[in-house]
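Visitor: Hi, I've just opened this one and I'm new to it. Can you walk me through what I'm looking at?

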Amino acid sequence: HLVNKEFLRMEQLEGIHNEEILHFFRTDLAGRLKRANDIKREVPFNMAIQAADAYSDWQGSDEPVLVQGVIDCLFEDEQGMVLLDYKTDRITGRFAGGFEEAEDILKERYRIQMEMYAKAVESILGKKLEETYLYFFDDGGHLVKM
């Protein structure tokens with residue numbers, strides 16, 4: 001359908017792994033997403049923060065830097081506001097201990113990004129973010145609460 005509507009090329013379609021996508025929709029979080037009152041996808045944002053807040057090794061004077069990004073999914077349900085970011089990192093074959101070994105490494109890799117996204121959501125929308133998640137599609141799919 002997406003190829004016929006020219007949203008995807010055939011080469012792109014071949015790169016989609018349906019089972020990995022279906023696994024996400026079997027998670028409890030996806031169930032919450034489906035029942036959510038308010039869902040926002042692909043939410044662009046810009047905000048200025050102090051350089052020292054963006055870079056842990058910052059040595060220069062404290063000056064503002066522009067942070068911009070696109071939040072994959074933001075939804076609100078009876079439990080509060082939830083930020084969800086999808087990841088396509090390859091896990092299979094990269095970590096001898098599989099996802100158990102990779103989880104802490106991946107959390108640290110995306111920690112600053114998710115902190116910036118959380119600050120943006122809270123300052124722009126004026127609402128407290130209750131939960132933040134990463135969803136990795138590789139290796140059968142993994143939901144990580146940050």
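Guide: Sure, one term to begin with: strands here are DSSP runs of E with at least two residues, numbered from the N terminus. By that rule, strand S1 covers residues 38–50, and Glu 42 sits in it. Keep in mind that this is a predicted model.

Visitor: Okay, how many helices and strands does the chain have?

Guide: The chain has five helices and five strands.

Visitor: And in what order do the elements run from the N terminus?

Guide: The order is α-α-α-β-α-β-β-α-β-β.

Visitor: What does the C-alpha trace span along its principal axes?

Guide: The trace spans about 50 × 40 × 35 Å.

Visitor: What share of the residues is buried?

Guide: Of the 146 residues in the chain, 38% are buried. As for contacts, taking those with a separation of 6 or more, 62% are between residues 24 or more positions apart.

Visitor: Now the outside. What is the accessible surface of the chain?

Guide: It comes to about 9200 Å², and carbon and sulfur atoms account for 50% of that.

Visitor: Which residues make the nonpolar surface patch?

Guide: Met 10, Leu 13, Ile 16, Ile 21 and Phe 25 make a patch of about 400 Å². Helix H1 (10–14) and helix H2 (18–25) are the elements that each give two or more residues to this patch.

Visitor: Take Ile 21 from that list. Where is it, and is it buried or exposed?

Guide: Ile 21 is in helix H2. It counts as partly exposed because its relative accessibility is 33%, and partly exposed is the class between under 20% and over 50%.

Visitor: Switching to charges: how many positive and negative side chains are there?

Guide: There are 18 positive and 29 negative side chains in the chain. The centres of those two sets lie 4 Å apart.

Visitor: Back to Glu 42 for a second. What is its phi?

Guide: Glu 42 has a positive phi of about 50°, though it is not a glycine.

Visitor: Why point that out?

Guide: Because most residues other than glycine have a negative phi.

Visitor: Is Glu 42 buried or exposed?

Guide: Glu 42 counts as exposed, since its relative accessibility is 52% and the cut-off for exposed is over 50%.

Visitor: What about Glu 6: what is its phi, and where is it placed?

Guide: Phi of Glu 6 is near 65°, a positive value again in a residue other than glycine. Glu 6 lies in the segment before H1. With a relative accessible area of 71%, Glu 6 is exposed.

How values were computed. Residues numbered from 1 in each chain as written. Predicted model: local features only at pLDDT ≥ 70, side-chain atom pairs only at ≥ 80, totals over all residues. Heavy atoms only, no water. Helix = DSSP H or I, 4+ residues; strand = E, 2+ residues; numbered from the N terminus. Buried < 20%, exposed > 50% of the residue type's maximum accessible area, 1.4 Å probe, protein only. Contact = heavy atoms within 4.5 Å. Areas by Shrake-Rupley, 256 points an atom, 1.4 Å probe, with all protein chains shown as cover. Lys, Arg positive; Asp, Glu negative; His and termini not counted. Charge placed at Lys NZ, Arg CZ, Asp CG, Glu CD. Patch = residues over 30% accessible without salt bridge, like charges linked within 9 Å, V, L, I, M, F, W, Y side chains within 5 Å. Salt bridge = Lys/Arg side-chain N within 4 Å of Asp/Glu carboxyl O.
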